[in-house]
Every structure is written in C-alpha cells, then in structure tokens.
Amino acid sequence: MFLLGRCCVTGNGAVGNWAIAFRIGELPFCEERCMTERAGKKRALTFQELLFTLQRFWADRGCVLQQPYDVEVGAGTMSPDTFLRVLGPKPVRIAYAQPSRRPADGRYGENPNRLFRHTQLQVILKPPPVRIQEMYLESLVAIGIDLKEHDIKFEEDNWEWPVGGAWGVGWQVMLDGLEITQFTYFQQCGGMDLDPICGEITYGLERIAGFLQDVDSIYDIVWAVEPDTGRKVTYGEMRLAEEEQFSAYSFDYADVGKLWEHLNLYESECKALLEKAGFRDDFKDFAKMDELTLKRFPVLGAYELALKCSHMFNLLDARGAISVTERVGVMARIRTLVVGVAKAYAAQGEALTASAEKDVVAG
Amino acid sequence: MNGAPGFCGWLRESDSDTRCAFVAGFELRTMADFLFEIGLEEVPARMIAGAQAELEQRVVKMLERERLVQSGAVAKSFATPRRLAVWLKGVAEQQEDVAEELVGPSVKVAYKDGVATPAAVAFAKKAGVQVGALKTITNAKGEYLAATSVKAGRGAAEVIAAEMPKELAGIYWAKNMYWRAGRPERFVRPVRWMVAMLGEKTVPVEFGGYVAGSVTYGHRVLFGEQAIVLKAPGEYEDALLGGFVVADVEVRRQRIRKALDHVTRTVPGLRWREDHELVDKLTQLTEWPTALLGGFEKEYLALPEEVLVTVMRDHQNYFAVETGSPKTGDGKLAPYFLAVLNTEADEAGVAVIRHGNERVLRARFNDARFFWEFDQRVPLIERVALLEHVTFQKDLGSYAAKAERVRELCKRLVGKIEGRGFAVDTNALLDAASLAKTDLTTELVKEFTELQGEVGGLYARAQGIRPAACDAIYDQYRPVSMEDRIPRTAEGQLLAIADKADTIAGMFGLGLEPTGSKDPFALRRAANGIVKILGESSVELGLGEISRAAVGGDEELVRKIEVFFAERLEFYLREAKGQAYDVVKAVLAIEANDVRDAVARAEAVTAVRGSEDFAAVSSAFKRMKNILAQAREKGIAASARVDIALLTEPAEKALAEKSAELAAKVKWLRAEKSYKAALEEIATLRPQVDAFFEAVMVMAPDEAVRANRLALLEKVLGDFSGIADFSEIVIAG
C-alpha cells in the first residue's frame, strides 16, 4: 500500500520529484527541508532570523520594538507593554519577543514538543487596523510561507486571564493543522472595558521555527548558523540545560515553605503600595497628589510585585503544593493585586491627563 | 403589523376591508431581486448556522412587515465563515399607497353658517385633502366629517436602508465583541463589507462603519483582496464561485463528503468514519473545501483507539479512517487520517500540506504516548491516595471521600438485588468503585478530559486489574446522553448508578438541586442516566430504593429526590420511548418507581388504546372516578364491601359477576407482567359497563343501594387500575 509520503525532496524541488511514494512506517529519514525548497530554494530561516524578520516586518508597519520584559511572566500578554498599555485611550503599536515561563509545562527536556520556557512574539495594535488579518498573513509570507501552498484557517479561540480580569475574542490560526498564532481582540482588562479595543497577535516562535525547518523536536531547531564555518547552533545547545534544570527545580527542588514566604512578602509589599494610592477608595488619592508625586508613583513597581506573586504561584502549583481548595483562594488574592494595579494605572493616567489639561488652561 | 391607530397594515388581496385599501395592487408594482450580504472576519463555526437562519428570517419578516413582499415569501440564504447573505425574488421597489377613511369632527362643529370652521380646516390638513373634498357620513353619534386620506408608499431602498441596521443589530450571537472606537456597535466579529442590492441598484444600508454597495470579496488566499463587483443580485452565487467561494452551505457540505470519498478511495480497502458533527464543523470552517488523505506510522496504533480518535477528531478536526467490512461493523483503525482544507493546492502544494498535517499529528501522538507511558509509572492502585487532594465539591470533600461513599453505596445496592436473580461480581464492582476516579490524577486525562473513565479503564486493563472491574471503570460515566449506550456489564451499570446517585444525593443535600434552566452540576443528566440504565438493563432496583440507599436516613430528602427521579422518568418515557403525554401520566399515576415496569405498562397502554372497546372502558372508568369523587364531596360514603344481596338491577349484577371473574384473571396477568393481555381482558368488560351506565342510576334514592353501588364502582376501579389510571387517557372525538 503506497501513498504520497512525507514531502521530502532531494534535488531541485521540481514538481516531478514530489511524487515519490514511501511506504508508511518505513519512511526514510530526510534531512532536506522541503518547505524552503519550495519557497525559493533558500534554506529555512533560523530561529533568530525568524525573530529578526518578524520584528523588521512589524517595525516597518509602525510598531515600536521593545525588549523582553525582565520579570518572569507566563505569557507576553502579562508584560506591562501589553497588560497596562491596552488601558486608556492612547494609541499603541508595539512589538516584542517575550520569553514566557510556565513551570508546570516543563518536561525535563525529554518531551520534544513541550517547554518550561517558550518564546512569544507579541504584537499590540491599538486600535486594530482594518487590514489587521491581511497584515498578519503578509507577515507569514515574509517568513517564507507561500500562502497558496498551505492551508490556513482562523478557528474560534477566545482568550481569558481571570487573574487579570482580562478577556478577548479571537482565533487560533491554524497552518496545515498546526496552531501557530493566537489572535485576540482584547475587550476587557483589569475588569475595565477597553475603548479603543486592542488587537493582539501572539506568534509561537518555536512552533513556527519547527514548522519552517521541518524538525520533529524543538531541540533540533537551528537557532543560528555560524557564518564562517556554517556550523549550526541548535535550540537544544542554547536551552536544553535550562529546561532540564528548571524542570528539576520547579518539580523537585523548589522549597515550598520559602516559596510561600516569597509569595506573602511580594503580596504584602504590592498591597502596601496600592494602599498608598487609595486602593480601598477607587484610587482617589491620585487626584490629591502633586504632579511630581503623581507621575513618580510606582504603579509599575506594584505590577512587578504582582507578577512575582503570579510566578510564585506557578512554581508552587508545579511543585504540587497547592491543593484544589487553596487554589481558588490564592488566585483570588493575586487577582486582587493584578486588577488593583490595572485600576491604579488607569486612575494614574487619568489624573495625569487632568493635571496636564489644568496646566494648559493655566498656561 | 404596524400597530399605529387608524393605520392599515399589510392586507392580502383577498382581504376585504372597507376602511382602507391599497391604491395600487401588489401585482401592478415593479419588482426586483433583493440581495444582502454582510462580510465579516471569520465567524466562529458553531454560530454560523443559527445566524444564517436568523438573518434570513429577519429579512423576510422585515420585508413582509414593510409590505415589500407578499407574506410567505421564500428566500435563499448563504453562509461561509466570512459572510452571511440572503437573496429574495419579487421585492417591490415601492410600498403601495394606502387609502384610509378618517373620521373628523361632527358637522355641527365643522361648519358655522355654512362656513368651514378651523376644526374642519385642521381635519382637512391632517387628512391631506382640500376642505372641498371632505365628505359627510352618518354614524351612531350623528353626522360627521370624513375624508379619504392617501398615504404615499415609500421607496423600498429607503425603507430597507432604515430597517436593515436594526435587524442586523438584533441578531443573536453567543459571544459578541466591540471593535470600533467609541463602541458604537457589538457584533460577533468586525464587519468588513456589505452588499445590498435591489435589482441593479445598491441600497445604502449602514452598519459597522460601512455603507453597503455592490462589491463583495472572494477567498482570502485563492482570490486575495480583489473586488468582485456584482451587477445584479442573481449573479451572487456564480460570481462567488469565480472567487473560490462556495456560498451555499449544502453544496459545500456535499463537496466535502465527495472529496472525502474521493481521497479515501485512493487507497483500496479504506473507509472514513462517518462523523456528521465534524462534517458540519468543517463546512463552517471553509469557503472552498478540498480533502487530503494523510498517514501516520503504524506503531501509534499500539495506543488505545480512543486516544487516537480523540486526538484526530477533537484536536485536529481529522476524520478517522478504518479498514474492514462495513457490513460486519468490525472496522479497525487504519494508520491514516483525512483532513479537510480551506484551499485548493496543486499536487505539490497538497504534498506540502499533507506533510505539515502529518508532522503535527505525529507530535500529538508522541505527546499522548509520552503521557500514556508516564502515567503507567504510578499504577492506579497507588493513585487512590492521591485522590485525597482532588476536591469533588467543597462541602462534599475530596474524590477519595466520594470513592468511599460510592463503594459503600455499591455494597448497599448489591445487598438489595441479591436474591433477585441478578448476577454481579461484587469484588470486581468494589474494586472498580475504589479505582474509578483515580484516572483524574493522570496526565492523559488532564490532557484529554473528555476521556475520563475510559482512560481509567484502559490503564486498569494494562495493569492487570480483573476485566470486569476494568469494563466498569471504563463505562462509569455512561450514558452521557439519551442517545448514548448504557454500561455494558452489570458491574458497570451498578457503578454508574451509584456514582450518579451519590452526586445527586450530595448536591440535593446541600440544596444545590437544579432550578429552571439552571443545572450547573448536570444533575438532570445524571438522573436521566440512572433511569436509562434501569430501563435498558436487567438491574432490578427501584428509583425509591436508590434514593434511600444514597441518602441514608433523611426521609424528606429521599422524597425530594424521588420526585426528581419521577420527573426524569416522565422525560425518559416521553423523549426516549416516544410515549404520549397522557399515557405517561396514566402510567406514572399508578407508580413511578420501577422503570422497566413503567415502560412495559406504557407500551401496553399505547398498544391497546386505539381499540374501541378499550376507549369505551377508559371513558367509563373516568365516569366512575367522577361519580365517586362527587359522592365523596357530598359526604356520601360507599359501603365497605359490595353486598351481592343488595344488587337489584340485572345490569349491575352482570357487571359485578363479570368483573369478579375478570379480576382474578387480570390480577394473574398483571403479576406475570402480561400487561397487554391484561388490558385486553379489561376491555372485554365493555358490554357490562355500557349496560350498567345505561340502566343503573348509581345515586339511587335508597341509601343502602346507593352505598352498595358506589362500593361496586370502587371495586371495579380498584381491580382494574393496577396498570394505568385510565381516567388520564385522552379519548379522541
């Protein structure tokens, strides 16, 4: 029984060479990368080239390129460049890569498809342009995907982060059966309605690189090629040790008692900060502050502390230290902080705008 | 209908109403085709069919209401992930003018000395006529002014442009979004274009920041962003085909089925597993569907079929492929899958897409295999302790506590059916009860929650647990719906009953019973499951016994649950068994505890209810019941027993004799559960019953005779009402 097997081409990639039949179960191992053979006979983008290309693409379309946020987050959405910038009326176009840590997803580097830490490319477009989907499809072309030779579907997938009081509707973008992007129209954040709303495009870089390079394990992804020698630096070379050790840390070594202590400390400091801005009173205290105190008030610092709590929670969860009953309670505690920060950020923004307007009138 | 007073709504030509009439008949006006399309970013597949039907209905109703089509107009609608559209023929380009008789002030007030007063002038103005054109009519109150007012019909384009936005805004979506600054409207996804055409002219419908025109768009990738300019509504379907869009849902569905057949046939002996739900979903995920056959390595067939099919179907939207004879139904999973694409690629492109899909599936199967092997490191028996940390419900404790309760309940249920000739492997049942929930701690169930239970059963088997226990664990959540099968084995049936009954008893105990449309813990489904198992297995347990065993001592709680079960039994008889409302009531009026008995009784009643004799006897029984009820109301007592000496009339003697003779027979047949035969016997009572009511007056003046006759009726009713309360049966005519 024969059928067209894996699309493996050796040679010039002409159509004729594709009709090679392989017996299922005896598929020959294939080094060549058929995707790129088809797309102009170039080799597939390396992991870092993929990132450059997408960043260049969005920079050319008006996005400011930001660097990854340097506090542990579970997703690019949690970076203040998304979570806080979506609030308020100010237009935003920003893009950044965000290493995203999910301790419970670690597999000691043994599973070829799962990571404790993966990389998202986050694009924030507020308000969303009318051609946002078309722009997104063009970005796929930019990374070497010939749309006419692939099957692309936008399948309903709504996003929700209850801890952040945030949700949106959107799609998972499926490319030949592989989810490569999460596409969301943010509707609420910190429990507040957004106006204008925001378009969020989240590329899963490892997924896409694996697809482009046609490798079956994340660790085989070529991260970079040394220009002089042509030596391939793989994802495994760059990150496997980290996966192994952090899996061990979060599953086996992390000190549960200390993690709880950290969580409690971060929580109390975050709360104390928020209270200085009138946490219990809709942050009305901002209106009473002088301009300098107002603009220097560290809402951003409070957000980092809240993110630390979230990360501690994830570690405790991976460690199996949070019972189902406790879980709801701890999540509610963190939600209080995160939603509180979002409200404080919005209130601070409003107070600053009001103060600027006063200056304009006075001047 | 327009409800404004004095205004004429849409009337058919046949209607004759003297108060108003259309100035021009429908057939005299110019007609055109109407087309409306709304272009959207990809609409969730699950919402498309409902929205398509609703839009069609709204457009037709709106045009009817606005007198632009005749009532009952037929439309054709279209839908793809990126569009909803409606097309109608025969839409009037103009509303007809409506002539209306208006009654004005009385003549006395309208004219002073033969001169029109301001009241008459104002009335003429209101009616839109000259004062000279005013008429005089005479009604009950006297002489009044009247006028024929003609309301000019509006142009269809104007009406549609005014009404359509309201209809669009009214469409129901399970989840809406805002997308424009200032949040002017909510819709399922952003609007990207609109087409509204009446004949060759566009209708300026405004919605979502767009004004409708005559431009639509084709397939995202195959046709890109080129405009498709429509010249007339009738071109729509063909123009879109040119843009690689099959707009007709049914055509798309058939195209998918054909494509699946076609690619499956490329490998002899293969057959795709029918899956209507998946065909529907893919129909709503594609505009230009094609299909491809892909393969996977045979080694993955070592994984349980349940896992493979779930990965393919639920996670990847792939159809499973099997070999084997369709006649014998022994289809075996083959190492292939079918994917439906939303594109048409050349041969080389198909190879690329196939390769991509195979790669994803392999990764998913690898994951599943990883979980499968990983989970085996900790056998289910060791996982029992882990259940302490998995909460079932905060006031009902952990799953460990639930498992213990279910185990005890299984013991009690076995105790009840012992000696009822029902074979059950008690040890296997108790093992299954202990292990049933342990799969909740496995990675595979965390990944594939829809496979809970089944995964436990599969692991149990792989770990050498006795087969009867494995099957019970595997089937514990069945039946999940009225269509689903019940557990295959006695142990599975008892475990499923005990698990569901424990949940019901626990939740009812906390006052968390379902109310109205709210049933967050799916208790109705659980109770339906118990009823279905009792109805379709040989488990001999009554619903009352199950309630009592699950609850313990609280009699009030037991009664509450019994009432709940009775409702579910009623639902089962009607929905699953198709029994008529009155039959169900008649049967359950007698007893609502033994499910299979209730089914048998209902079927017997349904079988005989058509016979004339049975209908007559039923009516007579109803009459007897009424007479007895009236007597009771009036405080007239029946005597304790029928005294043969007091039976005076031949007809009542005959009834007493015949019913006594039948009673013994019916009692025996009923005990044998030969309900149909028993009912047929009861029907033979008809001549005596008829004669009785013809010749005998129950409420005789003589007190003793009357009491004796009442006693006779009570006895007849009592003797023959053991199967159903016939007075509930509705007799036609």
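Begin by selecting the boundary between the two chains of this predicted model, where 65 residues of chain B are in contact with 61 residues of chain A. Put together, the two chains bury about 5200 Å² between them, and 54% of this area lies on carbon and sulfur atoms. To see which residues contribute most on the chain B side, select V352(B), H355(B) and R359(B), which supply 12% of the area that chain B buries against chain A, more than any other three residues.

Staying at the interface, turn to the charged side chains, for across it there are eight salt bridges between chain B and chain A. Select E225(B) together with R131(A) to display a salt bridge whose closest N and O atoms are 2.8 Å apart.

Next, select residues 347–376 of chain B, which make up helix 9. Its 30 residues, at 1.5 Å a residue, should span 44 Å, and because the C-alpha atoms at its ends are 43 Å apart, the expected and modelled spans agree. Colouring this helix by accessibility will show that helix 9 of chain B is mostly covered, with 21 of its 30 residues buried. An α-helix has 3.6 residues a turn, so residues three or four places apart point the same way.

Now zoom out and colour chain B by domain, using five selections: domain 1 (20–95 + 155–242), domain 2 (99–151), domain 3 (249–376), domain 4 (385–604) and domain 5 (609–728). If you then place a marker at the C-alpha centre of domain 1 of chain B and another at that of domain 4 of chain B, the distance between the markers will be 50 Å.

Move across to chain A and show it as a cartoon, in which the secondary structure comes to 11 helices and 12 strands. Of the 363 residues of chain A, 55% count as buried. Among the contacts in chain A between residues at least 6 apart in sequence, 64% join residues at least 24 apart.

Finally, select the cysteines, keeping in mind that the count of disulfides over all chains comes to zero. Why is C198(A) not bonded to C189(A)? The sulfur of C198(A) is 9.2 Å from that of C189(A), the closest cysteine sulfur, and this is too far for a bond. C270(A) is likewise in no disulfide, the nearest cysteine sulfur, that of C309(A), being 6.2 Å away. With the surface switched on, look for both residues: C198(A) has 0% relative accessibility and therefore counts as buried, and C270(A), also at 0%, counts as buried too.

How values were computed:
Residues numbered from 1 in each chain as written. Chains lettered and ligands numbered in written order. Predicted model: local features only at pLDDT ≥ 70, side-chain atom pairs only at ≥ 80, totals over all residues. Heavy atoms only, no water. Helix = DSSP H or I, 4+ residues; strand = E, 2+ residues; numbered from the N terminus. Expected span 1.5 Å × (residues − 1). Buried < 20%, exposed > 50% of the residue type's maximum accessible area, 1.4 Å probe, protein only. Disulfide = S-S within 2.5 Å. Domains from an automatic or database assignment. Contact = heavy atoms within 4.5 Å. Buried area = accessible area lost by both parts, 1.4 Å probe. Salt bridge = Lys/Arg side-chain N within 4 Å of Asp/Glu carboxyl O.
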